[in-house]
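Hi there,

Here is the structure I promised to pass along. Have a look at it first, and then read on for what turned up.

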Amino acid sequence: MPSGTLVAAYAYEVAPQQGSGFVGGVIAVTPQLQAALDHVFDRSKIDDAPSVTFLVDQASKARSHAIRDAVMAVAFTSATDEPAALDLAARLGSAMDHRSKATLLMVTVHASTAASKRRALLWTFPQQEVFSLTSSGKGARLELLEAFNRESHLRKVAMLEGPNTKSGMLTAKVLDFQAAAAERSVADLWITRFLDARLQMSDTEGTQLLARALRAAHNKTRDDQASQDQILAAITGLRVSANPRQSLDQVAKTYLTGKAADAFLAAAGPEVRAAVFTLDRQRFDDLVQYKRFTLDNGVVVSAPFAELRADGGAVEVTDVDGQRRLRVEGVVEEEQVRTRA
């Protein structure tokens with residue numbers, strides 16, 4: 001089941017600026033609905049979507065955030081406990097202005113790969129095409145299968161996944177099929193006004209964070225040569241990568257394993273590791289430019305990372321009889337006498 005075993009589902013008719021009195025409610029979990037969710041989950045490619053970071057209250061030890069808190073309440077309470085789902089509908093209504101059209105908000109909760117985690121998905125569809133009701137407003141005849149089978153009508157998706165902890169669900173993956181709208185306010189509805197999230201950190205912030213995490217990991221693994229070699233390879237790979245779009249999670253997945261990955265990821269909080277940014281290579285080179293060696297004879301060598309090459313460059317580190325040895329070759333351009341290295 002690509003989307004995960006369906007645990008609970010809710011659907012509401014939401015109009016711009018609506019804050020209460022929503023038509024809809026708990027939706028029966030059926031094999032047909034599960035199959036439809038799996039189908040559109042695969043087709044939407046939400047697993048590969050950009051990540052956003054929720055703008056949590058940094059002053060709060062609980063890292064409170066209205067949308068995150070409501071989603072976690074939905075994900076980790078009984079399927080018949082509806083207030084948090086209604087809160088999500090109210091917040092979507094307040095985020096929509098009168099230029100927006102009425103929509104169907106669907107909230108689905110799924111089992112995750114780990115028993116302690118849950119996955120929650122927020123979907124929106126054109127309301128008038130998939131929602132019909134009895135005159136009493138009960139027994140909604142929701143054409144949900146039709147909605148998911150015609151995924152071209154899918155407007156927006158957000159996926160949150162994690163455990164019921166302070167560090168759970170601090171990020172989400174999002175798709176906004178209206179993001180190409182000419183008017184910026186329309187494009188900002190889903191991520192900025194409703195989710196209260198940041199699509200990505202700035203390129204400068206991301207580059208600085210990446211460099212800082214690599215330096216911290218290098219220092220933390222100084223007694224583990226295999227880990228240090230991985231970190232050096234990561235720096236070298238990032239400098240020449242054809243894909244400048246990075247996140248710390250992606251760097252760890254691509255270049256690092258074991259202790260190197262653990263030390264690298266520990267250098268940044270979970271709320272920022274998934275944030276995507278474009279690597280500023282010049283700034284990155286400036287921030288991770290040198291590696292410092294202290295030899296057993298007291299000599300200190302500070303070498304640019306670009307010159308550290310396994311195939312015999314200007315600075316070469318080799319293993320001889322179980323000892324790492326340094327070889328440096330080049331033309332002396334300047335000499336200085338200093339009190340400290």
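A residue is called buried here when its relative accessible area is under 20%. By that cut-off, 43% of the 341 residues of the protein count as buried. Please keep in mind that this is a predicted model.

**The overall picture**

The protein has 12 helices and 16 strands. Its exposed surface comes to about 17800 Å², and carbon and sulfur atoms supply 49% of that. If you take the contacts between residues at least 6 apart in sequence, 66% of them join residues at least 24 apart.

**The sheet**

Eight of the strands are worth tracing on your screen: they form an open sheet with antiparallel pairing, in the order β2-β1-β4-β5-β8-β9-β3-β10. Which strands stand at the edges? They are β2 (23-26) and β10 (197-198); each has a single partner strand, so one side of each is left without a neighbour in the sheet. For β10, the pairing with β3 (residues 51-54) is antiparallel and consists of 2 bridges. In that pairing, T53 stands opposite R198 of β10.

Helix α1 (residues 31-44) packs on this sheet. The strands that α1 touches are β1 (6-14), β4 (103-111), β5 (117-126), β8 (156-163) and β9 (171-176). The direction of α1 makes about 85° with that of β5.

**A glutamine to look at**

While you are at helix α1, find Q34, which lies in it. Is Q34 buried or exposed? Its relative accessible area is 8%, and as this is under 20%, Q34 is buried. Leaving aside residues up to four places away in sequence, Q34 touches M1, S3, G4, T5 and L6. With one of these, S3, there is also a polar contact: the two side chains are joined at 3.4 Å.

**A pair of helices**

The other spot I would show you is where helix α2 (residues 66-75) meets helix α3 (residues 83-95). Their axes come within 8 Å and cross at roughly 150°, and the crossing is left-handed. On the α2 side, the residues that meet α3 are A66, I67, A70, V71, A73 and V74. Their counterparts in α3 are A84, A85, D87, L88 and R91.

Happy to go through any of this with you over coffee.

Best wishes

How values were computed:
Residues numbered from 1 in each chain as written. Predicted model: local features only at pLDDT ≥ 70, side-chain atom pairs only at ≥ 80, totals over all residues. Heavy atoms only, no water. Helix = DSSP H or I, 4+ residues; strand = E, 2+ residues; numbered from the N terminus. Buried < 20%, exposed > 50% of the residue type's maximum accessible area, 1.4 Å probe, protein only. Contact = heavy atoms within 4.5 Å. Areas by Shrake-Rupley, 256 points an atom, 1.4 Å probe, with all protein chains shown as cover. Pairing = 2+ DSSP bridges. Axes fitted to C-alpha atoms, helices over the stretch in contact; angles between N-to-C directions. Polar contact = N/O pair within 3.5 Å; in protein donor to acceptor, adjacent residues only side chain to side chain. Left-handed = near helix turned anticlockwise from the far one by under 90°.
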